[in-house]
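Open the model in your viewer and keep the selection panel at hand. The tour goes stop by stop.

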Amino acid sequence: QACCGPSPLGRRRERRRIVFGIMAFEVQVCGLAGLICKVEVSPACVVSELRARVAAASGIRAEEQRLVVGVREVGDGECIGELAGDRPLVVTLIRRPPLQAAWLSKVAEAPSSLACAPDEIRGDQEVVLAAVERNADAFEYASEELRADREIVLSVVRRDWRALQFAEAALRDDREVALSAVRQDWAALQFVGPARCGDPEVVMAAVAQDWRAVLSVSDDLRSDRDFVLRSIRAGRCKLEFAASHLRADRVVVKAALEFDGCSLQLVAAHMQSDKDLCTLAVKQHWWALKFTRLQHDRDVVLAAVQQDWRALEWAAPTLCADQALVLAAVRQDGRALQFASESLRGDRCVVLVVVNADGLALQFAAQDLQADRAVALAAVRQDWNAHLHVSPSLLSDREFVLDSVHHDWHTVRFMHANLQGDREIVLSAVRQNGCALRFASDGLRADKEVVACAVRRGQQRLRHLALGRKHFVPQPALALALAHPLGAIADFRRSRRNR
């Protein structure tokens, strides 16, 4: 065995030793002049850990080391085990110049420090790329040679599109460079050269991300029918950015109206009278009715009103008197009655239909209908706030107030002062809510039966309220306070103290 030398197993054990229970690799680190050192690392280690061990063994600082495996420089995050495989790992160390190593550390911490670097460093590709990787604005301080180098600019722009603004003008007109930038972010279009602002492929790459990119396109592209049509159909362009002659192009206009009906205001005048285009526009957005010249056309107006009741505002006066059309609007919202003709706002049947669905629409009815008992009752029963629009003559009419208060006690808030002393009306209200007592006359607020009714109603409501609140005043006490404000509250406070 001595003659034959170590066995294969022995040689393997020499190369790999067990460290912390994990098989360790022996890595040979060589320079251009030969072996520098040997270090042991775990296969799970990364290159940054290898640098630290090489620095400890050789005295060469980690930032000065360039480690090459085969013909490729390895990065700090790569795994040693993957680099080694089944063979011994041999790494070539190329030592960086101390100045380059120092600036690599500086720009890693503060990329903007490149601004005060010596010309030698500002022209160092590795230092500049390290700075730009942290902050694209650092490319502004690179040397003119680097900012004019196509490969460098392409590499930098692929890392961050914002570096394009500092590239030489000729490279900002480079198609590949421009596409690399705008595919990252449409805003890069503001930095590309004039020639690329007219390049359909470059501009579409930006417009596909955000329609605002069309603000930077050239006038030639705004006049390009195919480009404008593609942009509109992609939903990334509005008709306002197209050249004036394209606004008279039926195909372009139709494509624009399918996405934005309000673009009708931008089309050629004769197209605002085209029934098919106007119908398409108002179906997309009711507001387009404002810009059409067919406000007298029933079919167009009906299409707009069915989309939104507010379109009735822009209908011709003759159509505002069309009962079927107005009813189509008020069924969506009673407020549409305000746009109806005077004859329809004074039509009792129409107004009754409206207030039964929306009591507050009473405010838009003719004055004589606001004084109509049946119409007013229908309105206040649908929404008690409609009392605000009931004629004062009805609010002083005992029969109307009594009918209304049977349905909702809030009527007593709006009735005329001469009815505040009406015992039947007030009793009907306090039976629904004790708080109605506050709107009664002084005489009724001192009436035991009325106050007792309010208190009883308050006790029933009190069952539904949360208990145990320290500062809660019960409804019966409130009713008594409304009847005799000072005395009742004083009595209530004394009863609380005596408990």
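The stops below cover a strand, two pockets, a cavity, a helix and a loop residue.

This is a predicted model, where local features need pLDDT of at least 70, side-chain atom pairs count only at pLDDT 80 or more, and totals for chains, interfaces and linings use all residues. Residues are numbered from 1 along each chain as its sequence is written, and side-chain values use heavy atoms, with hydrogens and water left out.

**Stop 1: strand S4**

Select residues 65-69, strand S4. Strands (E, at least two residues) and helices (H or I, at least four) are DSSP runs, numbered from the N terminus. In S4, 4 of the 5 residues are buried, so the rest of the structure largely encloses the strand. Buried means under 20% relative accessible area, exposed over 50%, and partly exposed in between, with a 1.4 Å probe and protein chains only.

Add strand S6, residues 89-95. S4 and S6 run antiparallel and are joined by 4 bridges. Strands pair if DSSP finds at least two bridges between them. Pick Gln-65: its bridge partner in S6 is Arg-95.

Now add S5, residues 72-73. S5 pairs with S4 over 2 bridges, again in the antiparallel sense. Glu-73 of S5 stands opposite Val-68. The S4-S5 hairpin has 2 residues between the strands, and in this hairpin Gly-70 takes a positive phi near 70 degrees.

**Stop 2: the two pockets**

Which residues line the largest pocket? Select Arg-51, Ala-62, Glu-63, Gln-65, Glu-73, Val-74, Gly-75, Asp-76, Arg-96, Leu-104, Glu-126 and Ala-130. A pocket is an open set of points on a 1 Å grid over the protein atoms alone, with protein on both sides within 12 Å along at least five of seven lines; a cavity is a set where a 1.4 Å probe fits but cannot get out; lining residues have an atom within 4 Å of a point. The largest pocket holds about 260 Å³ of space. Volume is the space filled by probe spheres set on the points, which are joined across faces, edges and corners. The lining has 4 nonpolar, 2 polar and 6 charged residues. Ala, Val, Leu, Ile, Met, Phe, Trp, Tyr, Cys and Pro count as nonpolar, Asp, Glu, Lys and Arg as charged, and the others, Gly among them, as polar.

Next, the second largest pocket, with about 170 Å³ of space. Helix H4 (98-109) and helix H6 (125-134) are the elements that give two or more residues to its lining. H6 gives the most, with 5 residues. The classes are 5 nonpolar, no polar and 4 charged.

**Stop 3: a cavity**

The structure holds 2 cavities of 30 Å³ or more. Go to the second largest, about 30 Å³ in volume. Its lining includes Val-214, Phe-227 and Phe-241. Helices H12 (219-222) and H13 (225-233) each supply at least two lining residues. By class the lining has 8 nonpolar, no polar and 1 charged.

**Stop 4: helix H20**

Select 348-357, helix H20, where Val-350, Val-351, Val-354 and Val-355 are buried. Down the axis, the buried residues of H20 fall within an arc of 120 degrees, so they line one face. The arc is that of the directions from the helix axis to the C-beta atoms. On the face turned away sit the exposed residues Cys-349, Asn-356 and Ala-357. The cover over the buried residues includes H18, H19, H21 and H22.

**Stop 5: Ser-263**

Finish in the loop between H14 (250-259) and H15 (275-284), at Ser-263. Is Ser-263 buried or exposed? Buried, with a relative accessible area of 3%. Leaving aside neighbours within four places in sequence, Ser-263 is in contact (heavy atoms within 4.5 Å) with Leu-239, Ala-256 and Leu-257.
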